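This report looks at helix packing and burial in one protein chain. The sequence and the coordinates come first.

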Amino acid sequence: RDARAYFDEVLDQVLDGLTGTNSKNRLQIEGADADVFNTLLRYSLRRKLSPANAEKVILAMNGDGEKSAPNIGTFNELLRGGTLLRRDDMCSKVLEILRSRPENTAHPIIYDKPPVELPRKDSAAKTETKIEAVTSGVHEEKSGEVKSKTDVGFLSRRASTLPGEEGASDILQAIFEQGFDPSSLTLSTDNPSLGANIRTLVNYLKYTTASGHPQVVADLVLILIPELKSADGIDLHRQSTDPESMDRPFRRDIAVQRALGLGPQFFVATLNGLVKGGRLDLAEQVWRLAKAAERASLSSTETDSSPTKPWALPIAAYTIMLQCYTQAMERARRKASTAANEDGQTRHSAPQQAECKGTARSASNFDDSREMGMYVFRVRAKAERVCAAANRRLRASGHSISFEVPLPDERFFNAALQLVGTSRNEKR
């Protein structure tokens, strides 16, 4: 018997104890705090794919006293699990409760769909306080894969690993048929604070993308980093001497500081939403800003004797940007083909000169998009070396903190092959 089967058996026994049918198993979690129940909730939703089991966990949390009462981690697990299971009823109830809490009145999760807007603060100081509150707890979520709610591939792969005689299709059908009573999330007056954190924001961005509203991601990133709204973008590479642009270095520094607080998982979720929503221009701006913030974060390991949790972009960010530039190449090719057909010219007249609305500024034609995609492929290898060196410096100086090195995986190489394949098809 392998380890996975053993842990499945143990955790299933604990879940059975929540119903009170097995007093021995019930004693195993007697006096457990909310974090223990949150782990069971994650197991129920992501491993067992069972909203019914998740409801049992929530009911047990509400009945075991203040120590086990649902906290913000509980709602983060429900929001992410409901997204992966394509259960809008679960996600909607979670957001309804969080948005009703007074501590979340200025958090970005209250932003639903245009034209709803975040409440404006009276002073710049209050605005900065709001940003700081949003970016607190940035390192709570570990690196993970970006999965779309509209893609049942995740559910099918996970269902195929579950023990039992049921087939994957039967398990998938049960996921959507299982009941989840939203009233189980009703909170008592003695519940702890449910102030949304950065993980809540990341899960909300993933939910809006998966539910077919990626425009919300674009709106939110412009609210959180207003410097991106400028028509000429943010110059992240040099300081301009143009008298009319003397504020660019100032805007750049502010944007980088905001990005440092938002952290890597925010940028993975944001880039995913922007690319899926076709906002390739904004995606490239966000990508450049994220890389600038990453450099600032890693530089603290060289100069600061006590660096505060440096971070690096995970491999998922590079994969998304490869997909971004592949999409830009395909757009440029289609527009060139359409223009050539309208003018009665040959199909391959000049694809490299065809600008495409919605593509990145520096990748507005076919050749530029291809070159930028290959640049992302190369810069990943450099980032791997830089991150590995930073981790070695941290260990040598006695620090226990470390971060994930962007090692390539199958998704990254598949995206790279698609980029190269699109380029080869154009040359034929």
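Helix 13 is followed by Gly 278, and the phi of this glycine is positive, near 80°. The model is predicted. Helix 16 has a similar feature after its end: Gly 398 follows, with a positive phi near 85°.

**Two helices and their spans**

The table sets out end-to-end reach for both helices.

| Helix | Residues in helix | First to last C-alpha | Expected at 1.5 Å a residue |
|---|---|---|---|
| Helix 13 | 13 residues | 18 Å | 18 Å |
| Helix 16 | 31 residues | 46 Å | 45 Å |

Helix 13 reaches close to its expected span. So does helix 16, which runs over residues 366-396.

**Helix 13 and its partner**

Is helix 13 mostly covered or mostly open? It is mostly covered, with twelve of its 13 residues buried. Among the buried residues are Pro 264, Phe 266, Phe 267, Leu 271 and Val 275. Polar names also appear in that buried set, including Gln 265, Thr 270 and Asn 272.

Helix 10 (residues 198-210) packs against helix 13 (residues 264-276). Their axes lie 9 Å apart, at an angle of about 15°. Angles under 35 degrees count as roughly parallel, and therefore helix 10 and helix 13 are roughly parallel to each other. The crossing is left-handed.

On the helix 10 side, the contact uses Leu 201, Val 202, Leu 205, Lys 206 and Thr 209. Across from them sit Gln 265, Phe 266, Ala 269, Thr 270, Asn 272, Gly 273 and Lys 276 of helix 13. This contact is mixed: five nonpolar residues, five polar and two charged. An α-helix has 3.6 residues a turn, so residues three or four places apart point the same way.

**Helix 3 and helix 4**

Helix 3 (residues 34-47) and helix 4 (residues 51-63) have axes that come within 8 Å and cross at roughly 170°. That makes helix 3 roughly antiparallel to helix 4. Helix 3 contributes residues including Phe 37, Leu 40, Leu 41 and Leu 45, while helix 4 offers, among others, Val 57, Ile 58 and Met 61. The contact divides into eleven nonpolar residues, three polar and no charged.

**A glycine inside helix 16**

Gly 373 lies in helix 16. Its relative accessible area is 0%, so Gly 373 is buried. Beyond residues up to four places away in sequence, Gly 373 touches Leu 322, Tyr 325 and Leu 419. Gln 323 is 50 residues away along the chain, yet its C-alpha is separated from that of Gly 373 by 8.3 Å.

How values were computed. Residues are numbered from 1 along each chain as its sequence is written. This is a predicted model: local features need pLDDT of at least 70, side-chain atom pairs count only at pLDDT 80 or more; totals for chains, interfaces and linings use all residues. Side-chain values use heavy atoms; hydrogens and water are left out. Axes are lines fitted to C-alpha atoms, for helices over the stretch in contact, and angles run from 0 to 180 degrees between N-to-C directions. Helices (H or I, at least four residues) and strands (E, at least two) are DSSP runs, numbered from the N terminus. Angles under 35 degrees count as roughly parallel, over 145 as roughly antiparallel, 65 to 115 as roughly perpendicular and the rest as oblique. Contact means heavy atoms within 4.5 Å. A crossing is left-handed if the near helix is turned anticlockwise from the far one by less than a right angle, and right-handed if clockwise. The expected span of a helix is 1.5 Å times one less than its number of residues. Buried means under 20% relative accessible area, exposed over 50%, partly exposed in between (1.4 Å probe, protein chains only).
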